[in-house]
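Subject: Structure handover

Hello,

Here is the structure we spoke about. My notes on its side-chain contacts follow below it.

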Amino acid sequence: MKQLLRFLLLLLAAVFFLPTLATILLSFYPDGQVGFSGYDELFFDCFRFYTMFWNSVLYAYVITALQLVVILPAAFAFSFARFKGKEALFFFYIILMMMPLQVMILPNYIGLRDMGILNTRAGIILPMIFSPFGVVVLRQYMKSMDGSVIEAMRLETNSMVRILLHAVAPQVKVCLYAVGLFVFAECWNMLEQPMLLLQDENLKTLTVFFSDTKNVSDQVLYPASVVFMIPILLLYLFFHRELERGLTLHETN
Amino acid sequence: MATVKPHKSIRWNTKCLLCLVPSLLGLLLFYIIPYLRVLYYSLINNQFKKDFVGLKNYIDAIQNEYFRLAFFNSIKLITVCVPVLILLAIAVSLGLTFLLKKLRLVRVAFILPMLLPTASVVLFFRAVFGQVENELPLYLLFIWKNIGICIILLTAALTTIEDELYEAAKLDGAGGFSLHVKITLPLILPTISFSTLMAIVNSFKIFRESYLYYGSNYPPDYGYTLQYYMNNNFLKFDYQALASSSVLTSLLVAAIVSAFLLAERRYQR
Amino acid sequence: MKQTKKSSGKKHFLPLLLLSVLFYGVMLLLTLTAKDIHLARLPQVTASRLGNVSFTYLFTPENGEPRIATKQMPGIPKELYDSGQIFTVTTKVTDEMTYYYAKKISLKVDSSKENDTHYAISDSFFRDMIILSGYENLKDGDEVNLIKEEK
């Protein structure tokens, strides 16, 4: 009985793995023949692929880096500061975190328009930096933090920055990596914002490339998919352990 | 906190508080204030005339047949997909924790879809399911994508159950299936409920998958969800309809999330 | 990566780092060289307007003897005409770059005019760009790399 269940589980895993594997295999199979012509056409005929690729890379890394800088102090504040309405504010963060993008896209658009950064890179990067997801997850993780290390640090220095960097960050390193990975994946996958908030083709990301399938020939799409997968795969291989250990979301009290 | 002089403690507290400022400021600038403006838009009839029309926009939205179709589809997605997803996630998590302890690699198969860009796999899904005339491919895509987060949460919870509990239960005569039903499930119930919440919330986000799969702004009827409604209004510059549907959806989501969290808080006491 | 603090005890750190560097390096290389490689793989052609060439012909005035006269007219090299591969150049401008294509045309020559190396074109107002070299294996609609232009 156990063997059967094991086998079923493995089968299921194979099924789940299938789309990824198939995409990779099919990229070498353009037009029914084995060959590299898909990649060939992608690399040497499709120049806007590069622009969009580097845009995606830029947005993802910059947003992830900056968001980590913002959420570390914020989560720390939630953990250690005392003020009225702290839990209510945190609750508000949670609700905001759960909002689907479509609800926020109009506010986003209007906000950016009024700030004059609508068709710019800043318009994509800035809102994403302040997404509440990281704060919530990091704060939950900080509950298991050791306060004495921070106390010891307080005796040594007055600078909050140093305390955060040397006493807090090392303890929550795992969670930071996990959140970073998650945020990166989110940015890498970003579709609505570049599509709706950017006019200039030069600023758009690779996800838009895929949504615009009329202008690209079919055999380019599979290789493009594979190339698109690689950066996030690399990061996952780096941080997969942290991903599983760092997301303790369920203690929401 | 350690015993320090009162004024130092207040200074410390203030410093901690200040740490919140960047996040809060950004939130205010880019989320809260714009949202309030949208709320304002939803209560007026025209960007230029700015007559206050109260709830008229909301009534129009609810009576709009596309909104209804979208809403219906979204609800259908939730009620069908989420239970399947959760049950599958529970089954797989149990399997991974107890049956396949050694093979850590298997987990990758379930977690990877969560991170992989949808755009990369949509081609394959389209190739396989292109002929299918209903919402099944979309549901499968949803399950494929979202099982990862549930499995991460559930397996993390499962590993925190101590072995002694199982030993004790086995001594009492429980075995196999009933063992799990009686011990495991109640213990991980909070995580299950949270996973359900995440799944419901993510179901609202299915737009991206749907858009890439159908490749246009006008999917077949069964694929038309709330996000398409809002997206199309956005493209048509029909801000009133968009504003009111955004607010409605946000209220719906807020209600669901609040209900869950409050229920969970009560359960823990 | 976000920051370069890496914990020890990560088993496959170095190979992954190398792989990442390799990947991004290759992408960077491709980004910088893709256009040049693209152009290098196209048929390399030169093109220009047909210049005027001297042609001699038999001219019979209304009342007089036929005599030999010369005239300057656009002339097409005999080899080119005989090969049948006469193309003009069309362009397509996009955001990324300007594409050149070969478009096959047919020309009429004026057989009364003579010259050792060229045929005379009937239409003396012909001023289109003709591909003068690299036309050997071209087909209509092929993309080409225009090396030199003389307008």
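A:Phe76 and A:Phe80 are four residues apart in helix H3 of chain A, so about one helical turn separates them. Please bear in mind that this is a predicted model. The two ring centres lie 4.9 Å apart and the planes meet at 20°; the pair counts as stacked because planes under 30 degrees apart do. A:Phe76 is buried, with a relative accessible area of 0%. A:Phe80 is buried too, at 17%.

A:Phe76 has another ring partner, B:Trp12. That pair is edge-to-face, with 6.1 Å from centre to centre and 80° between the planes. The pair crosses between chains: A:Phe76 sits in helix H3 of chain A, and B:Trp12 in helix H1 (residues 6-19) of chain B. Both residues are buried. B:Trp12 also has a charge over its ring: the charged end of A:Arg154 sits there, 4.0 Å from the ring centre.

Aromatic pairs come to 31 over all chains. Ring pairs also build a cluster with members from chains A and C. Its chain A members include A:Phe49, A:Tyr50, A:Trp54, A:Trp188 and A:Phe209. C:Phe23 and C:Tyr24 belong to it as well.

Next, the nonpolar cores. The largest has 202 residues. Which residues have the most contacts inside it? They are A:Phe76, A:Met98, A:Phe209 and A:Leu243. So A:Phe76, with its stacked partner A:Phe80, is on that list, and A:Phe209 is there as well as in the ring cluster. Helix H3 (residues 48-80) of chain A gives the most to this core, with 19 residues. Another core lies apart from it and has 19 residues. Among them are C:Leu50, C:Val89, C:Ile130 and C:Leu138.

A:Met98 touches several residues of chain B. Leaving out residues up to four places away in sequence, its contacts are B:Phe194, B:Leu197, B:Met198, B:Val201, B:Lys205, B:Val253 and B:Val257.

Now the charges. Side chains of opposite charge can pair when their charged atoms come close. There are eight salt bridges over all chains. One of them joins C:Arg41 to A:Asp40, with the closest N and O atoms 2.6 Å apart. This pair crosses between chains. C:Arg41 is in the loop between helix H1 (13-40) and strand S1 (44-49) of chain C, while A:Asp40 is in helix H2 (residues 37-45) of chain A. C:Arg41 is partly exposed, at 47% relative accessible area. A:Asp40 is partly exposed at 28%.

A:Glu201 bridges to A:Lys204, the closest N and O atoms being 3.7 Å apart. Buried or partly exposed: which is A:Lys204? A:Lys204 is buried, with a relative accessible area of 9%. A:Glu201 is partly exposed, at 35%.

In chain C, C:Lys113 forms a salt bridge with C:Asp110, and their closest N and O atoms are 3.0 Å apart. C:Lys113 counts as buried at 14% relative accessibility, because the cut-off is under 20%. C:Asp110 is partly exposed, at 22%. The charged end of C:Lys113 also sits over the ring of C:Tyr57, 4.7 Å from its centre.

Finally, a network of salt bridges links A:Arg113, A:Asp114 and B:Arg37.

Best wishes

Technical notes. Residues are numbered from 1 along each chain as its sequence is written. Chains are lettered from A and ligands numbered from 1 in the order in which they are written. This is a predicted model: local features need pLDDT of at least 70, side-chain atom pairs count only at pLDDT 80 or more; totals for chains, interfaces and linings use all residues. Side-chain values use heavy atoms; hydrogens and water are left out. A salt bridge is a side-chain nitrogen of Lys or Arg within 4 Å of a carboxyl oxygen of Asp or Glu. Helices (H or I, at least four residues) and strands (E, at least two) are DSSP runs, numbered from the N terminus. Buried means under 20% relative accessible area, exposed over 50%, partly exposed in between (1.4 Å probe, protein chains only). A nonpolar core is a set of buried Ala, Val, Leu, Ile, Met, Phe, Trp, Tyr and Cys residues joined through side-chain atoms within 4.5 Å. Contact means heavy atoms within 4.5 Å. Rings of Phe, Tyr and Trp (its six-membered ring) pair if their centres lie within 6.5 Å; planes under 30 degrees apart count as stacked, over 60 as edge-to-face and the rest as tilted. A charge sits over a ring if NZ of Lys or CZ of Arg is within 6 Å of the ring centre and within 35 degrees of the ring normal.
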